[in-house]
Amino acid sequence: MLFAQAQPPLTDLLTLNLPAMRHFVRSLGWPEYRARQILRWIYRKRARSVGLMTDLSRAEREELGATARIARVDHVDVRRSADGTRKLLARLDDGLLVESVLIPERRWLTLCLSTQVGCTLDCGFCLTGRMGLKRNLRAHEIVDQVLTVQDRLEPGETLTNLVLMGMGEPLANLDAVSDAITRVTNTEWGLGIPARRITLSTAGLATRLNEIAALGINLAISLNATTNAQRDRLMPAVNRMHPLDELLDACRAYPLPARRRLTFEYVLLAGVNDTEQDARRLAKLLNGMRCKVNLIPFNEFPGSPYRRPDEATILTFQALLKRAGFDVFIRKSKGRDVLGACGQLGRVASVRATPALTPIEIGC
Ligand code: SAH
């Protein structure tokens with residue numbers, strides 16, 4: 001009786017970074033330069049099949065096809081907000097959903113990336129924080145969010161900026177994030193997006209800040225409070241680990257490159273952290289730092305315990321900081337009708353119930 005021979009599982013080429021790809025081509029007995037060639041097809045040309053790699057011979061393509069594949073996500077649901085923001089929900093291998101948000105604004109087209117499904121942290125004003133951590137994303141799952149969006153750009157659109165401000169705490173998944181950033185920034189075979197156009201936002205894992213400096217990308221810190229008592233209430237897990245003074249010391253010690261500055265994000269919650277006293281305390285805490293401040297008026301979500309301050313309060317808060325000499329921006333909340341704005345990612349079930357949704361592409 002004949003038994004079918006068990007096939008070894010195919011290697012997913014998307015999971016391999018440069019050193020791993022080198023190792024893989026060596027295992028085939030191929031010269032090392034093939035590694036960069038294959039990576040170029042995957043990232044620069046967004047090839048989904050080894051059959052397309054025309055600078056390999058037909059025999060090589062067949063050999064590669066017999067041992068490897070490119071497992072890009074193929075279930076993507078795109079929801080378009082009335083303001084042009086697009087939220088993409090991609091289904092991962094294990095059925096979990098990862099969210100990315102594409103935000104068009106004047107001459108910029110920014111993609112907000114997720115680094116975890118759910119989040120390690122438990123900030124009470126953030127919908128993602130309420131899901132708990134489902135799992136860390138792997139490097140290729142972070143980069144695949146960029147590839148997926150690039151496949152769906154409209155004619156004339158080019159991605160200009162990346163922000164790691166979606167679901168999750170990027171510094172709690174640093175290895176995968178660094179690997180992903182390397183693939184995104186590499187100009188020879190990677191996506192070639194300049195590091196200066198990439199910003200990582202952390203809730204304040206103070207001891208890991210320096211590793212961001214090594215990547216050359218920009219750093220944003222979600223401060224959100226001006227006293228430990230306040231921050232303990234709003235962001236308990238992270239502030240217990242790294243209280244305010246420790247976090248600010250780490251920010252002061254951060255090896256900021258010339259002509260760069262830190263960004264401090266501050267979610268404005270009505271009656272909680274939006275008083276004139278808070279603004280004055282914030283100015284004092286940031287005194288002397290090379291930084292700008294992004295105020296994010298709270299984006300409400302179903303069941304959220306906080307409220308967005310009124311316009312006058314937001315403007316007064318901004319004016320006080322400006323008077324103290326800071327550049328202060330009020331972040332426009334884009335994509336609120338598709339729950340794609342800051343702090344609204346997660347809980348897809350409630351997103352599906354939102355009436356303003358326009359699903360334009362399902363399971364493509
Ligand atoms: N964990 C990282 C990355 C998430 S970025 C971090 O905390 O920085 C998300 C940003 O949106 C953070 O600045 C966070 O403070 C802010 N945010 C979270 N929930 C929000 C909400 N409901 N409304 C407005 N901003 C919110």
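Which residues line the second largest cavity? They are Val73, Ala90, Leu92, Val98, Glu141, Asp144, Gln145 and Thr148. Keep in mind that this is a predicted model. Below is a quick tour of the ligand site, the enclosed spaces, one open pocket and an aromatic pair.

**Around the ligand**

- The ligand has 20 residues around it, and Phe125, Ser201, Ser222, Asn299 and Gly343 come nearest.
- By class, that shell splits into 10 nonpolar, eight polar and two charged residues.
- Three strands each put at least two residues into the shell: S10 (198-202), S12 (262-268) and S13 (291-297).

**Polar contacts with the ligand**

- Serine 222 uses its side chain here, with an N or O atom 2.6 Å from an oxygen atom of the ligand.
- Phenylalanine 125 uses its backbone instead: an N or O atom there sits 2.9 Å from a nitrogen atom of the ligand.
- Threonine 202 also takes part through its backbone, where a polar atom is 3.5 Å from an oxygen atom of the ligand.
- As for cover, the ligand taken alone exposes 540 Å², and the protein buries 95% of that.

**The two cavities**

- Searching the whole structure turns up two cavities of 30 Å³ or more.
- The largest cavity comes in at about 40 Å³, and the volume of the second largest is also given as about 40 Å³.
- Lining the largest cavity are Leu88, Leu89, Ala90, Val98, Ser100, Gln145, Thr148 and Val149.
- Strand S4 (86-91), strand S5 (97-105) and helix H5 (139-151) each give at least two residues to that lining.
- Sorted by class, the lining of the largest cavity has five nonpolar and three polar residues, with no charged ones.
- In the second largest cavity, the lining has four nonpolar, two polar and two charged residues.
- H5 provides the largest share of the second cavity's lining, at four residues.
- Ala90, Val98, Gln145 and Thr148 appear in both linings.

**The second largest pocket**

- This pocket holds about 270 Å³ of space.
- Its lining is made up of 15 residues, and those nearest the centre are Asp12, Ala71, Leu92, Asp93 and His140.
- Nine of the lining residues are charged, alongside three nonpolar and three polar ones.
- H5 turns up again here, giving the largest share of the pocket lining with three residues.
- Leu92 is listed both for this pocket and for the second largest cavity.

**Aromatic pairs**

- The whole structure contains four aromatic pairs.
- One of them joins tyrosine 43 and tryptophan 189, with ring centres 5.8 Å apart and planes at 55 degrees, so it counts as tilted under the scheme where under 30 degrees is stacked and over 60 is edge-to-face.
- The partners come from distant parts of the chain, 146 residues apart: tyrosine 43 belongs to helix H2 (residues 33-43), and tryptophan 189 to the loop between helix H6 (174-185) and S10.

Notes
Residues numbered from 1 in each chain as written. Predicted model: local features only at pLDDT ≥ 70, side-chain atom pairs only at ≥ 80, totals over all residues. Heavy atoms only, no water. Near = heavy atom within 4 Å. Polar contact = N/O pair within 3.5 Å; in protein donor to acceptor, adjacent residues only side chain to side chain. Areas by Shrake-Rupley, 256 points an atom, 1.4 Å probe, with all protein chains shown as cover. Nonpolar A, V, L, I, M, F, W, Y, C, P; charged D, E, K, R; others polar. 1 Å grid on protein atoms, 1.4 Å probe; cavity = no way out; pocket = protein on both sides within 12 Å on 5 of 7 lines; lining within 4 Å. Points joined across faces, edges and corners; volume = space filled by probe spheres on them. Phe/Tyr/Trp six-rings, centres within 6.5 Å; stacked < 30°, edge-to-face > 60°.
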